[in-house]
Amino acid sequence: MNYYIVIPAHNEEAFIALTLQSLADQTAVPAKVVVVDDNSTDNTSAIVQEFASKYPYIHLVQKTSEAIHLPGSKVIQAFHKGYETLDSNYDIIVKLDADLILPENYFETIINIFKSDPKTGMAGGFAYIEKNGDWILENLTDKDHIRGAFKAYRKECFLQIGTLKPAMGWDTVDELLCKFYDWKVVTDQSLKVKHLKPTGANYNKTARYKQGEAFYTLGYGFFITAIASAKLAMLKKKPFLFFDYIRGFFKAQSQKKPLLVTREQAKFIRNYRLKKMKEKLF
């Protein structure tokens, strides 16, 4: 199976070489890798060009956008810029961050997961962060969720869900839409990805309400939003984030922000979320 990778990157000179080298070292090498340099002011482009001169499947694309970092929209806009440069001769499309070190067998394993079941729409491993010299699980999500840092999609699934939404919450709505269209989301605990930069390291004060807005645009409704907000705030060990998330939800509601999903999909999502909550309680 051919797989293409798109890597949005902004000022990643400290990590991008490690990420690209881990791709070059894969036991199943990608057919194409597109790095989208999104308005970097450091040596990101030069490092990518150096790799491109050694590995013909690596390509650099330049993008100009605002310097402000808002989770979701900016990175997915950069992803789409790279995706637009690709042909359609792929079986798997991958959105990858520029601050990762993947195990050498990562994509060989991912390909085998897709080959083993034609109903698998998405697949991925788990993120680990360094703490006191040890690599520990970055425990921000459930075990059946694939982190936005390394998302691999079967082509047919990717197109059916409408590709990726340029908004915070994109890496939740994609999985929920996968389930809506009866695709499977598969995680493999043996695939340990080193995440070199902690999640949310670039988030600013403007972005703190975005999580609540994301819950609104996913069609969660207030009850599910409140539970999800409390859980996420506790996982981040910052209980007061709960109030920011709730404010973000009501702000989006008052502004009548458009949902990322249809009414039918939103109903499915609420029912699915409630079902998962009940399973954990009982």
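Start by selecting Cys157: this residue is buried, with a relative accessible area of 0% (buried means under 20% relative accessible area, exposed over 50%, and partly exposed in between, using a 1.4 Å probe and protein chains only). Add Cys178 to the selection, and you have another buried residue, again at 0% relative accessibility. The sulfur of Cys157 is 3.1 Å from the closest cysteine sulfur, the one in Cys178, and that is too far for a bond. A disulfide is a pair of cysteine sulfur atoms within 2.5 Å. So how many disulfides does the structure hold? Zero.

A quick word on what you're looking at: this is a predicted model, where local features need pLDDT of at least 70 and side-chain atom pairs count only at pLDDT 80 or more, while totals for chains, interfaces and linings use all residues. Residues are numbered from 1 along each chain as its sequence is written, and side-chain values use heavy atoms, with hydrogens and water left out.

**Stop two: helix α7**

Select residues 210-217, which form helix α7. Helices are DSSP runs of H or I with at least four residues, strands are runs of E with at least two, and both are numbered from the N terminus. Is α7 enclosed or open? Seven of its eight residues are buried, so the rest of the structure largely encloses α7. Show the side chains of the buried ones: Gln211, Gly212, Glu213, Ala214, Phe215, Tyr216 and Thr217. They pack against α8 and α9, where contact means heavy atoms within 4.5 Å. Just after the helix comes Gly219, with a positive phi near 80°.

**Stop three: α8 and α9**

Now select α8 (residues 221-235) together with α9 (residues 241-254); their axes are 8 Å apart and the helices pack at about 150°. Axes here are lines fitted to C-alpha atoms, for helices over the stretch in contact, and angles run from 0 to 180 degrees between N-to-C directions. Angles under 35 degrees count as roughly parallel, over 145 as roughly antiparallel, 65 to 115 as roughly perpendicular, and the rest as oblique. That is why α8 and α9 are called roughly antiparallel to each other.

Which residues meet here? On the α8 side, look for Gly221, Phe222, Thr225, Ala226, Ser229, Ala230, Leu232 and Ala233; on the α9 side, find Leu241, Phe242, Tyr245, Ile246, Phe249 and Phe250. Sorted by class, this contact has 11 nonpolar, three polar and no charged residues. For that sorting, Ala, Val, Leu, Ile, Met, Phe, Trp, Tyr, Cys and Pro count as nonpolar, Asp, Glu, Lys and Arg as charged, and the others, Gly among them, as polar. While you're zoomed in on helices, remember that an α-helix has 3.6 residues a turn, so residues three or four places apart point the same way.

**Stop four: α6 and α10**

Select residues 170-180 for helix α6, then add α10; the two pack at about 95°, with axes 10 Å apart. That puts α6 roughly perpendicular to α10. From α6, the contact uses Thr172, Leu176, Leu177, Lys179 and Phe180, and from α10 it uses Glu264, Gln265, Phe268, Ile269, Tyr272 and Arg273. This contact has six nonpolar, two polar and three charged residues.

Next, click on Leu260, in the loop between α9 and α10 (263-281). Leaving aside neighbours within four places in sequence, Leu260 touches Lys165, Ala167, Met168, Val173 and Thr217. Try the distance tool too: the C-alpha atoms of Leu260 and Ala214 are 8.8 Å apart, with their positions 46 residues apart along the chain.

**Stop five: α1 and α2**

Move to α1 and helix α2 (residues 44-54), whose axes come within 10 Å and cross at roughly 20°. These helices are therefore roughly parallel to each other. Ile16, Ala17, Leu20 and Gln21 of α1 make the contact with Ile47, Val48 and Phe51 of α2. By class, that gives six nonpolar, one polar and no charged.

**Last stop: two asparagines**

Select Asn11, in the loop between β1 (3-9) and α1 (16-24). Asn11 isn't a glycine, yet its phi is positive, about 50°. Asn11 is partly exposed, at 31% relative accessible area. Finish at Asn132, in the loop between β6 (120-131) and β7 (134-137). Here phi is near 55°, again a positive value in a residue other than glycine. Is Asn132 buried or exposed? Exposed, with a relative accessible area of 76%.
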